[in-house]
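Good morning, and thank you for coming. I shall take you through one structure, beginning with a sheet and ending with single residues.

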Amino acid sequence: MSEAAVSPVPMPAKRRGAQLVMLAIAVAIVMGAYANVGLAMTGSVPAGMLTYGLGLGGLVLAAYLVLAKFAPWADPLILPLVTLVNGLGLVMIYRLEAAKMPGASATNQIIMTGIGVVLFSVTLLVLRDHRALQRLTYTAGLVGVVLLISPLTPGLGKEINGARIWIGFGSASIQPAEFAKIALVIFFAGYLVAKRDVLALAGRRLLFIDLPRARDLGPVIITWAVAIGVLVLQKDLGSSLLLFGAFVVMLYVATQRTSWVLIGILLFVGGAFLAGQLFSHVGDRFDVWLDPGSDEYYSREFGGSYQIMQGLFGLGAGGILGTGLGQGHPELIPLAFSDFIFSATGEELGLTGLMALLMIYALIVQRGLRTSLAARDPYSKLLAGGLSFILAWQVFIIVGGVTNLIPLTGLVTPFMSQGGSALLANWILIALLVRMSDTARRPPPQAIQNEGLTQVFQR
Amino acid sequence: MSELTLLLIRLAFLAVLWFFVVAAVGVIRTDLFGSRTAPAGPRKGGKPAKPVVKPKSKKGEPRQLIVTGGPLQGTTINLTETPITIGRANDATLVVTDDYASSRHARLFPQDGQWIVEDLGSTNGTYLDRSKVTRPTPVPLGVPIRVGKTVIELRK
């Protein structure tokens with residue numbers, strides 16, 4: 001019924017056709033990559049190509065149908081871009097599994113992708129208006145903090161590879177921090193929308209910096225304490241950096257005050273430096289970062305630089321054009337299927353492929369930020385901005401880590417790394433972005449009355 | 001598999017990967033070059049409607065509404081034939097969270113090629129430049145309209 005009223009208005013088009021074409025290309029690229037792996041490793045097209053390819057195709061087609069029905073105005077690019085990254089991750093894991101790497105399991109990952117798509121659809125179905133989340137601000141905050149500290153509960157928490165970030169139910173284990181980050185961004189957005197005037201306006205000016213009032217520092221200090229607590233107690237540097245970075249950036253977006261960014265950076269660098277002095281596992285990371293090539297660190301059994309050096313060797317072996325899919329030796333990098341999947345991809349696709357991959361991530365983030373700009377109310381702006389930022393920030397932290405730009409922290413590469421929790425959480429994150437872009441791109445609500453019947457009268 | 005075939009496959013794969021990136025940028029081209037290319041999107045539906053709108057759009061007619069001050073600073077809304085409502089209510093076109101704004105604060109609508117601002121009985125009033133809007137008033141280009149802490153302007 002609104003179709004007739006909407007048509008003369010030059011609003012962003014739905015672009016459903018373009019989205020379907022892009023999805024088809026993404027799935028075709030993934031199938032091509034499978035074929036390439038098989039041809040290079042065994043000389044024939046792998047039998048799994050059709051099952052994996054069609055499986056992925058079927059999954060994203062289902063996601064597309066849900067999106068077309070329940071979020072018709074949503075951004076046309078987000079889903080195809082995510083599909084391609086997820087698919088390339090699947091191919092790399094398949095390739096590592098084919099190279100007999102222990103732990104790599106493409107079947108597991110495609111099942112997780114399936115569950116991710118289900119969660120994506122459920123989020124779109126249940127959450128018809130994302131502003132309902134604003135009412136759950138403090139609930140989300142509580143849920144986030146509980147999830148974050150849950151691995152510390154005795155009996156429930158599990159320590160794997162030195163980090164206590166898993167909780168286990170029998171043989172299955174999940175990483176609650178991955179879900180906590182979404183809950184916390186929802187909390188930050190709601191909290192900052194309510195409090196940002198106080199945070200932005202009150203305070204004194206000293207030199208070039210607007211100093212906030214002491215009592216407004218409260219939430220910043222609390223978040224900082226939680227972040228440092230995660231760093232120290234769970235030995236999880238990645239989540240700690242991710243959490244605090246997201247908070248500082250959202251604070252900056254809400255208040256537009258540089259002083260918050262400066263305070264945030266000082267607090268975190270100071271805290272991390274102190275932690276580095278006091279706790280050996282944090283200090284090790286710094287040592288390795290500063291001098292990964294030294295013999296002492298390279299041959300150290302725990303917290304050494306063996307892994308990162310293997311990753312750098314892999315990137316070096318790949319060079320500009322890569323060794324080609326299935327023709328390198330990414331299985332030599334420890335954990336090449338999870339934390340170091342970026343190095344593994346870099347070895348086989350080279351700098352050219354990595355740049356394309358980073359461009360795809362950049363485009364996903366750009367679509368998110370674009371949604372934030374187009375949103376018509378401050379809460380959606382902050383939420384979309386925050387969610388896109390944590391995606392970008394995750395990519396930066398892990399890519400910076402494996403290329404030794406910043407100290408290596410254990411974070412997953414979104415959508416690529418093998419690991420259920422992160423994949424599921426990121427699919428939910430994408431569903432939230434899709435929901436918000438649908439609201440933002442929808443034509444503005446029609447006026448209550450018909451203009452033709454209303455007379456403008458002079459009073 | 002010969003070396004050459006694998007080399008060709010490898011180069012082709014990288015090319016296709018970049019093709020995908022370029023295609024994706026193509027899809028969002030409308031974002032990069034402004035709204036003028038936007039009507040090209042709905043190729044069939046958009047065309048017949050366009051000639052009706054086009055002759056009316058004279059040089060001096062505003063195309064965009066820009067928020068120049070307040071918390072939503074930087075937001076732009078493309079002006080169409082649809083009236084724009086400003087207020088705290090969720091169904092307003094521009095939703096302001098501002099203690100000084102009413103839930104349905106003001107309205108902007110086009111009439112005979114001009115945009116008219118009308119106060120909808122707000123508590124704190126709407127200001128066009130420095131004067132309070134007491135009755136529907138035409139809005140010239142670039143003149144600030146104040147709603148609470150938000151300042152908006154019409155631009156070409």
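How many bridges join β1(A) to strand β2 of chain A? The answer is three, and the two strands run antiparallel. Please bear in mind throughout that this is a predicted model.

Let me place that pair in its sheet. Strand β2 covers residues 163–169 of chain A. One of the bridges to β1(A) can be named: A:I160 has A:A163 in β2(A) as its bridge partner. On the β3(A) side, β2(A) is again joined by three bridges, and these strands also run antiparallel. There, A:I167 stands opposite A:I174 in β3(A). The result is an open sheet of three strands in chain A, with the order β1-β2-β3 and antiparallel pairing. Why is one side of β1 and of β3 left without a neighbour in the sheet? Both strands, β1 at 157–160 and β3 at 172–174 of chain A, stand at the edges and have a single partner strand each, so one side of each has no neighbour there. From one strand to the next, the twist averages 50°. As a general remark, side chains in a regular strand alternate between the two faces of the sheet.

I turn now to helix packing. Two packed helices are described by the angle between their axes and the distance between the axes. For helix α7 (residues 176–201) and helix α15 (residues 378–402), both of chain A, the angle is about 145° and the axes are 9 Å apart. The crossing of α7(A) past α15(A) is right-handed. Which residues of α7(A) meet α15(A)? They are A:K181, A:V185, A:I186, A:F188, A:A189, A:G190, A:L192 and A:V193. Their counterparts in α15(A) include A:Y379, A:L382, A:L383 and A:G386. Classified by residue type, this contact between α7(A) and α15(A) holds twelve nonpolar, two polar and one charged residues.

Next, three individual positions in chain A. A:V60 is placed in helix α3, residues 48–70. Is A:V60 buried or exposed? The threshold for a buried residue is 20 or more other C-beta atoms within 10 Å; A:V60 has 26 such neighbours and therefore counts as buried. Setting aside neighbours within four places in sequence, A:V60 is in contact with A:L23, A:V27, A:L79 and A:T83. With A:T83, which is 23 residues away along the chain, the C-alpha separation is 7.1 Å.

The other two positions have positive phi values without being glycine. For A:K100, phi is near 60°; this residue is in the loop between α4 (78–98) and α5 (106–126) of chain A. A:K100 is exposed, with 8 other C-beta atoms within 10 Å. For A:N404, phi is about 65°, and the residue lies in the loop between α15 and α16 (420–441) of chain A. A:N404 has 19 C-beta neighbours inside 10 Å and counts as partly exposed.

Finally, chain B. Its secondary structure comes to three helices and eleven strands, and from the N terminus the three helices precede the strands. Chain B is divided into domain 1 (1–31) and domain 2 (64–155), whose C-alpha centres lie 47 Å apart. Of the 156 residues in chain B, 29% are buried. Where contacts in chain B link residues at least 6 apart in sequence, 35% of them join residues at least 24 apart.

Note on methods. Residues are numbered from 1 along each chain as its sequence is written. Chains are lettered from A and ligands numbered from 1 in the order in which they are written. This is a predicted model: local features need pLDDT of at least 70, side-chain atom pairs count only at pLDDT 80 or more; totals for chains, interfaces and linings use all residues. Two strands pair if DSSP finds at least two bridges between them. Helices (H or I, at least four residues) and strands (E, at least two) are DSSP runs, numbered from the N terminus. Axes are lines fitted to C-alpha atoms, for helices over the stretch in contact, and angles run from 0 to 180 degrees between N-to-C directions. A crossing is left-handed if the near helix is turned anticlockwise from the far one by less than a right angle, and right-handed if clockwise. Two residues are in contact if their C-beta atoms, placed from the backbone, lie within 7 Å. Ala, Val, Leu, Ile, Met, Phe, Trp, Tyr, Cys and Pro count as nonpolar, Asp, Glu, Lys and Arg as charged, and the others, Gly among them, as polar. Domain bounds come from an automatic or database domain assignment. A residue is buried if 20 or more other C-beta atoms lie within 10 Å of its own, exposed if 12 or fewer, and partly exposed in between; C-beta atoms are placed from the backbone.
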